[in-house]
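Reader: I'm new to reading structures, and I'd love a close look at a single part. Could you walk me through chain B and how it sits against its partner?

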Amino acid sequence: MDAITLARLQFGITTVYHFFFVPLTLGLPILVAIMETIYVRTGNEVYKRMTKFWGKLLLINFALGVVTGIVLEFQFGMNWSEYARFMGDIFGVPLATEALSSFFLESTFLGIWIFGWNRLPKALHAATMWLVALGSNLSGLWILIANSFMQQPVGYAIVGGRAQLTDFGALITNPNIITQYPHVITSGVVTAAFFIMGISAYHLLRQSYDQEAFWRSFRIAAVAAIIGSILVILVGHAQTQHIAQSQPMKMAALEALVQSEDPASFSLFSIVQQDGSEVSELVAIRIPAVLSFLTYNRFSGEVRGIRDIQAEYTTRFGPDDYVPPVMLIYFTFRIMVGAGFLLALLALIAVILVWRGSVERAPFFLKVLIPAIGLPYIANTAGWLLTEMGRQPWIVYGLQKTKDAISPAVTPGMLVFSLLLFTLVYGGLMIADIYLLARFAKQGTTEQEQAEQTALAY
Amino acid sequence: MDLNTLWFILIGVLFAGFFFLEGFDYGVGMLLPFLGKDDRTRRVLINTVGPHWDGNEVWLITAGGALFAAFPHWYATMFSGFYVAFVLVLLALIVRGVAFEFRSKLESPRWRGVWDWMLFAGSLAPSLLLPVALFNLLRGVPIDAKMTYQGSLITLLNLPALVWGLAGVLGFLFHGAIFLSLKTGGEIAAQAHTTARKLWAPTLVVLLVASIVGVLSTDVAMRWPVALFLIPLLAVVALGVSGLWLHKGRPGAAFVTVGTTILLVVSSLFLGLYPRVMVSSLNPEWSLTVYTASSSAYTLRIMSYIALALVPVVLLYQAWSYWVFRQRLVRESPLEY
C-alpha cells in the first residue's frame, strides 16, 4: 500500500474509533446532569443512585474518548503536515480554542465530579456535571467549525499558496455548521437515550433490584429519545438540502445520480459501476421527481449528476478524478437514514408505552431495545464515513486535494508501524472497555453501591 | 513586543505549566511500583493525582493546539519529523489515561497489575521522550529548505538529548515524590519523603550535567549575553535548595523550589531557541523562526483575544480544583480510583 492509502486508513481508523465514544460523551452528561439536578431538587435518593450508576458508565466511556482525541489533535501534524502548513492559519484557530475553552472545562470538572461527592455542596456538585456537559458539547462545536471549513471554505484568502483567515466571524458562522452541529449534538442525545433505555430494559426484564431507578431512567430516556430522534431527522434533512448547494458531487454520489435531471428522481435502489471518473448505472429503480422535492421542497428543479459535475470540475480545477466512491457513499447514507427512522419509530413506541404506563407489559419491545443500543453507533459511523468520503478527492473542498496533504517526512514503513500499534492497542482497549461497560451495566445500582462499600472497607 | 514573540512566550508558558503539573503526575506514575507495597497503598498514590491528571494533560494538548494555530510550520515539521517518538508518546498517554479510569474498577489482582504496569510505562515514556524531543529543537535537527525533517528516530536519540531525557525522568520522579509527601499522610508520606531525599542528589547531578551539555552542544554560548546564564544557574541552585528544605522537613517549600527549577529549565530552553523555534543542523538559514513558521498577523490577533479571555478563567478553576482536593490522603481515606 502507498503512503496516502496508509495515512487515510490510519485517519479513518483512529477517527471512527474516537467517534465511537464521542456521541455518548455529548449526550450522556446532559442526562446524568438532569438526574442529579432532580436529586438535588427533590432529595429523592433514587435519583442519586441513578446519577451514580449512569455516571460510572459515562466515566468508563469518557476515558477512551479523551485519550483517543489526543491522537487526532496531533495527527494533523504527524500524517498531514502539508495540510497543516496550508491550513494552519485557519484550522488551528478552532482547534486551539477547543482545547482552551472545552478540554480544560470538561476534564477539570469531570475530575471534580468524580472525587467531589462528599466534598462539595450537592447543588455545586450537580453544577460540575452541567459544566462537563457544556465542555463536551462546546468541544463538539469547535471541532465541527474546523471540519465545516473542510466541507465549505469561508472567510479566507489564498496568500502565497496558503489559506489565510480573513474573517473569523465568517469562520464560526459557516453555513455548514448551522446544520452540522445540531445534527451531531442531537445524534449524541439519541445515542445516550438508547444507551439508557437498552440497559434499563435489561434490568426491567430481569426484575433486578431497584426497579424504580430503571423505570425512572427509562422514562427520562424515552422523552430524550423521541425529542432527539425527531430533531436529528429534521436537521439531517436540512443538512442534506444544504449539501446539495455546497457540495453537489457529494449529493450526486449519495443519490447515485449519474445524469443531471430536472425534475430529479429519487433512487430506491441503485448499483453503479465506477472506473476512475467513469460512472455508469447498472441497476436503477427510481421514483420520478421525489429527489427534486426533497432538495427544493417542490416537484421540479435540477439536481446535477456525477458526469456533469466531473466535467465542470475538470474545467475548473484541471483534469483529475473528482468522483468519490459512489456505492460506499450511497449505501452509508441509506444505512444512516434507515437507522435514524428505525430509532424514531422505536422512540415513538417507547413514549407511547410510557404514556400508557404499560412498559412492563411489553417484554418483546424491551428485548428489542437491548440490541438497539448499537443502532445509533451504526448511524453515527455511517454518517461520518459519508461526510468525509463524500468530500474526496478533496481534503479541503475545492482548495486542497488529499493526496497533496500528506507528510513528506513520513515513510510508508513508519505508517505501517504506527497503524499496527494503534490498531493493536485500540483493539485491546475496546475489549476491556466493552467488558467493563457490560459488567457494570448488568450489575445494577445497588450491587454497585455494595461493591463500593466493600472496596472502602478494605 | 510583536504577537509572534508573544505567542512564542505563551507556548513556552504552556509547556512550562504542563511540565510543572503533569511532571508530578508522571512522577507518581513512575513511583507506583516502588512506593506501592500493597494494593491499598497503590490506590492512595493514584488517588493523589486522581482529580487532576486529566486537567494537567490538557496543558500539553493546548500547547499542541496553540502550536498549530500560531506556528503551523513548527507544528507540521515537528510532529511529522519526530513521528515515531510522538507515536510512542501518544500510545503512552492513551494507555495511561485509560489505566487511571479502569484500574480499580475490578478486584482481580491480575487486572490491576496490568494497568499498574501501563501507568508506570505510560508515565515513563513521555517523561523521557518529551525532553528529548524539546532539547533536539535547540540542538538542531536536519531540516531542509522546504522545512521538511530529513532525519529519523535515531537522529533524536543523541547523547546530549538523552541526558536531557534522563534529567526529565529523574526530575519528575523527584517532583512526584515531593508531591506525594505533601498529599499523603502517615507512613506513605514518610516513605515518599525518604524517597525524595534519596532522589535529590542524583537529580541534582544529572541536571548539572544536562545544563553543561546543553551549553556545549548548542549555540547558546555564542548567542547569549552572560547575564542570561543566570537562568539555568538559578535552576540548578533552586534544585539544590529544595534538598535543604527536604532535610528540614519542609516538603511544601521543597515543592515550590523544584517547581521553580522546572519553570527555569523550560525558560532556558525557550530563551536558547528564540527567535528560532526549530534549529536546522543543515543550514542555519533553514531554521524555522517565530516569523517564518507563524500564522498571519490576523490569526495571531484573533488567537490573542481568545487566549486573553479564556486563560485566566482556566487558571482560576484549575486552582480551585486543587483547593477542593487539598486534603492529605491516607490508607483509610475513601478512594474513587
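**A close look at chain B**

Author: Happy to! Keep in mind that this is a predicted model, so a word on confidence comes first. The partner, chain A, averages a pLDDT of 91, and 97% of its residues score at least 70. One stretch of chain A calls for care: over residues 453-458 the pLDDT stays under 50, and the model has one contact for them beyond four places in sequence.

Now to chain B itself. Chain B has 13 helices and two strands. Its C-alpha atoms fill a box of roughly 60 × 40 × 35 Å along the principal axes. Is that a compact fold? A compact globule with 337 residues would have a radius of gyration near 20 Å, and because chain B has 20 Å, the two agree. Of those 337 residues, 57% count as buried. Looking at contacts in chain B with a separation of 6 or more, 79% of them come from residues 24 or more positions apart.

Next, the side that meets the partner. Here 56 residues of chain B are in contact with 58 residues of chain A. The elements of chain B that give two or more residues to this side are helix H3 (53-70), helix H4 (72-81), helix H5 (83-102) and helix H13 (297-324). By residue kind, this side of chain B divides into 35 nonpolar, 17 polar and four charged residues.

Definitions and conventions:
Residues are numbered from 1 along each chain as its sequence is written. Chains are lettered from A and ligands numbered from 1 in the order in which they are written. This is a predicted model: local features need pLDDT of at least 70, side-chain atom pairs count only at pLDDT 80 or more; totals for chains, interfaces and linings use all residues. Two residues are in contact if their C-beta atoms, placed from the backbone, lie within 7 Å. Helices (H or I, at least four residues) and strands (E, at least two) are DSSP runs, numbered from the N terminus. Ala, Val, Leu, Ile, Met, Phe, Trp, Tyr, Cys and Pro count as nonpolar, Asp, Glu, Lys and Arg as charged, and the others, Gly among them, as polar. pLDDT is the predictor's confidence in each residue, from 0 to 100. The radius of gyration is taken over C-alpha atoms; the globule rule is 2.2 Å times the number of residues to the power 0.38. A residue is buried if 20 or more other C-beta atoms lie within 10 Å of its own, exposed if 12 or fewer, and partly exposed in between; C-beta atoms are placed from the backbone.
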